[in-house]
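Please open the structure in your viewer and keep the selection tool at hand. The tour begins with the whole chain and then moves to the ligand.

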Amino acid sequence: MVVVVYRYGHRIARDKRITTHVALVARAFGADGIIIDTRDEGVEQSVKKVVEKFGGNFFIKSGIEWKKYIKKWDGKIVHLTMYGERVDEVIDEIKKCKDLLVIVGAEKVPPEFYEIADYNVAIGNQPHSEVAALAIFMHFLTEGKWIEKEFDGIVKIMPSKKGKNVKYNYEKILQLEGCSKAVIEHCKRVKKLAIEIAKRIAENGIKVDFDAVEAGAMLHDVGRAKTHGIMHIVEGANIAAKYGFSKKILDIIKHHGGAGIDKEEAKKLGLPPDDYTPRSIEEMIVAHADNLTGYRYRKFEDALKEFRRKAGERAAKKLKELHEKLSRMAGIDINEIVEKMKKEERK
Ligand code: SAM
């Protein structure tokens, strides 16, 4: 069944917030879209932003006159009004309909609505709110199953007893930004290795922020959607900023170039003046996991050879220092973790 909500009588100045709430309730409780009679780009934009971030296929269109829309509507029409029939008495019949247009008012609705509606439905015969009326109607219509709906968004909020538990779909961000399959696979591989390194360091008694390692590793190359040159580290941080990621994550992305790019090197490479050296433990882990991950995982010695050949002795020296530092922190040679990852990939 397709369910579309029609919002009648929207007044831009007065109803901006409540119409947005009607739209958000429609989306969250399982409707497919909303039509608003008065053109309002502001409401459209705020609802589209929610859809972009939290997912789903919900549509919103404004500036469509009710007579025109209803003329083309092929399904049944429900008008939510306190003057209607009791919802619990008509819902079984409504559930059998193919498609439903659910009309909710803002200002007083014209008398024709009571006539064109197949069902005038009351959510209790007391005056209250269109937001509440729509939510409860959708609850009845879906027999409470709206709660199971998966939205597959960039952001997923996990139920939590206390505090916020938010999960990000990093792969979706990489796809949305236009990263190639190869880049996405590389990011996933870097994440696996980075998490393994982080685990060993944490087991050795050093505090590591695993969420930051995961986010930073998955997004470290998002800038490659724009360029494969060294500027991808800056572009990547800018893209991640757009999604509202913290400075901690942006710095992982910005500081993952080689084993670190200092001010002098940055100047030579044409990067905006800055020091791009990895500083936090999370920055170092992601930068090095990246150094040890090409298309496949590779030993430190192989990465070192390539660094020498491509970037010179100074870069190679930094790589060696980073490898030794992280190995000390992990209490084992990072090469051992790489070997384990290689074996797992072969399985
Ligand atoms: N003053 C307006 C009128 O009398 O048409 C209604 C204002 S009311 C806040 C806005 C909308 O909320 C109504 O058009 C109706 O869709 C919905 N609504 C309010 N109370 C309702 C109820 N008890 N049952 C169903 N819908 C209700």
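Display the whole protein as a cartoon: this predicted model contains 16 helices and 8 strands. Turn the C-alpha trace along its principal axes, where the protein spans about 85 × 40 × 35 Å. The radius of gyration is 27 Å, whereas a compact globule of 347 residues would have one near 20 Å.

Next, select the ligand. The space that the ligand takes is the second largest pocket. Now colour the elements that give two or more residues to the shell around the ligand: strand 4 (76-86), strand 5 (99-105), strand 6 (119-122) and helix 6 (130-141). Which of the elements supplies the largest share of this shell? It is strand 4, with 3 residues.

Extend the selection to the residues surrounding the ligand, of which there are 17. The closest are Leu80, Gly105, Ile123, Gly124 and Gln126. By type, the residues of the shell comprise 9 nonpolar, 6 polar and 2 charged.

Then show the atoms of three residues in turn.

- Ile123: a backbone N or O atom lies 3.0 Å from a nitrogen atom of the ligand.
- Gln126: here, too, select the backbone, where an N or O atom lies 2.6 Å from a nitrogen atom of the ligand.
- His128: select the side chain, in which an N or O atom is 3.2 Å from a nitrogen atom of the ligand.

Finally, display the surface of the ligand. How much of the area that the ligand exposes when taken alone does the protein bury? Of 570 Å², the protein buries 79%.

Note on methods
Residues numbered from 1 in each chain as written. Predicted model: local features only at pLDDT ≥ 70, side-chain atom pairs only at ≥ 80, totals over all residues. Heavy atoms only, no water. Near = heavy atom within 4 Å. Polar contact = N/O pair within 3.5 Å; in protein donor to acceptor, adjacent residues only side chain to side chain. Areas by Shrake-Rupley, 256 points an atom, 1.4 Å probe, with all protein chains shown as cover. 1 Å grid on protein atoms, 1.4 Å probe; cavity = no way out; pocket = protein on both sides within 12 Å on 5 of 7 lines; lining within 4 Å. Sits in = over half its atoms within 2 Å of the grid points. Helix = DSSP H or I, 4+ residues; strand = E, 2+ residues; numbered from the N terminus. Nonpolar A, V, L, I, M, F, W, Y, C, P; charged D, E, K, R; others polar. Rg over C-alpha atoms; globule rule 2.2 N^0.38 Å.
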